[in-house]
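Biologist: I'm new to this. Could you walk me through how to read a structure like this one?

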Amino acid sequence: MKSAKPYIEEHKQRFLDELIELLKIPSISADPAYKNDVIKTSEAIKTSLEKAGCDHVEICETPGYPIVYGEKILDKDLPTILVYGHYDVQPPDPIELWDSPPFEPVIKVTDLHPEGAIFARGSCDDKGQMYMHIKALEYMTTTGQLPCNVKFMIEGEEEVGSEGLVWFVKRNQEKLANDVILISDTGMIANDIPSITTGLRGLSYVEVEVTGPNRDLHSGLYGGAVANPINVLTKMIASLHDENKHITIPGFYDTVEELSAEERAKMAEVPFSKEAYTKALDIEDIYGEEGYTTNERNSIRPTLDVNGIWGGYIGEGAKTVIASKAYAKISMRLVPDQNWEKITELFTNHFKSIAPKGVTVKVTPHHGGQSYVTPIDDLGYRAASKAYEATFGKTPIPQRSGGSIPIVALFEKELKSKTILMGFGLDSDAIHSPDEHFGIWNFLKGIETIPQFYHFFTEMSE
Ligand code: BES
Ligand code: MN
Ligand code: MN
């Protein structure tokens, strides 16, 4: 297949301008105040799919935000690629920590992005990466190089648990029938060390509430004589890890897949600089489960982290008070073959069992999902590997990621196909954080590599 480079070079400015327009719409799925903007974004995606050459595009309603579905079917006998992405973004908070406003995209040069990066919420996760697929389609249709059928399914609730998509997928197996699913919503090791994501962690997300006395109390009159929910909650949380940073919930590790010495040796070949890692985060040392490397801790090992904790007085100055309630939000990242519903149950039972007398504990599960692994002997993986070889001039490294896209395991269950995760972001691109950005080089490299995948996947399917 011809290189897309000349086409990309010619249309580069327009591609960037279009992406910038899309990034200006604050499609924050978590906050109902942005409902109109989320809907507006789905309409913008519909228009861009039509312009890129889809024959049929529709906005499919769900109980939640709509799914934009588009397709171009050349011939029933050719393979079909299903592209998935999401047009919703994380809330930008804390907004005051952004150097430039999150929905006013600007291009700035950074150490890792000497050709410039677009700074905006959603630039990398996932509008920028999803848009690479739309521009790759435009290239293939306008130059007559689309080798197979393609379907697009772009959702607006990924950041809040994909409930509408679950509903949609279960009802539309035939419409969504495909030979491989292609997603760019992950990262790669570095611009000169291409990698393909071969695994995603599962997730169990819970909220806990500890209640002590029936009202807030004077901390002098009652202090020391009743259980303080905040003291109790923090102690309970602290007990969830032992001194080796193992999680103490009984049964938590029972089904965890142990990698062979050979697989771990292969992982250890992935470059890691402790110095660069600690420097980039401004921390004195790395930290984590005894017996595992950093690359293992954030990919093949399960974790438990408090994501937020609150209660009591946090206003100006001092208020002497024992709060009636204390709360925390806790995420557990899961690995094969942990079942997220089982883990949620183990957590709930354990957390309630360690509560001292004098408080009551409530655990509310939020969302969750299963982990996922793509085998490297899979046809899709092999085609992706060849695509990277063609555009990076290097064989990509397979790498399991620590993040989660819970819907991917459901795709396998409902649509019976494997997902290839061709992510072009970097861990340092600050997704979900202030100053999220996406390298222009990465954006264009993605547009260049995607058509190669179409080509090799079609050729190797014969
Ligand atoms: N795109 C991310 C997931 C991701 C990022 C995976 C980088 C691997 C590498 C996705 O949008 C996301 O943020 N997922 C959430 C889970 C979801 C249920 C809210 C996550 O991982 O926290
Ligand atoms: Mn994402
Ligand atoms: Mn995300």
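Modeller: Sure, we'll take a sheet and then a metal site, and keep in mind that this is a predicted model.

Biologist: Okay, the sheet. In what order do the four strands come?

Modeller: Read across the sheet, from neighbour to neighbour. Here the order is β11-β13-β9-β14, the sheet is open and the pairing is antiparallel.

Biologist: Which strands stand at the edges?

Modeller: Look for strands with a single partner. Those are β11 (303–311) and β14 (360–369), so one side of each has no neighbour in the sheet. On average, neighbouring strands are turned by 20° against each other, ignoring direction.

Biologist: And how many bridges join β11 and β13?

Modeller: Eight, in the antiparallel sense. To see one for yourself, find I309 and its bridge partner A328 in β13.

Biologist: Which strands does helix α9 touch?

Modeller: Helix α9 (residues 340–353) packs on the sheet and touches β9, β11, β13 and β14; its direction makes about 165° with that of β14.

Biologist: Now the metal. Which residues are the protein donors of the manganese ion (ligand 2)?

Modeller: Check which protein atoms sit around the ion. They belong to H86, D125 and D185, at 2.0 to 2.4 Å. D125 also coordinates the manganese ion (ligand 3), and the two ions are 3.6 Å apart. H86 lies in strand β3 and D185 in the loop between β7 and β8, so this pair ties together parts 99 residues apart in sequence.

Biologist: Why is the arrangement called irregular?

Modeller: Because the six donor atoms subtend angles of 56 to 167° around the manganese ion (ligand 2).

Biologist: Is H86 buried or exposed?

Modeller: Buried, with a relative accessible area of 0%. D185 is buried too, at 12%.

Methods: Residues numbered from 1 in each chain as written. Chains lettered and ligands numbered in written order. Predicted model: local features only at pLDDT ≥ 70, side-chain atom pairs only at ≥ 80, totals over all residues. Heavy atoms only, no water. Pairing = 2+ DSSP bridges. Helix = DSSP H or I, 4+ residues; strand = E, 2+ residues; numbered from the N terminus. Axes fitted to C-alpha atoms, helices over the stretch in contact; angles between N-to-C directions. Contact = heavy atoms within 4.5 Å. Donors = N, O, S within 2.8 Å, 3.2 Å for Na, K, Ca; no water. Tetrahedral: all angles 85-135°; square planar, octahedral: opposite > 155°, others 65-115°. Buried < 20%, exposed > 50% of the residue type's maximum accessible area, 1.4 Å probe, protein only.
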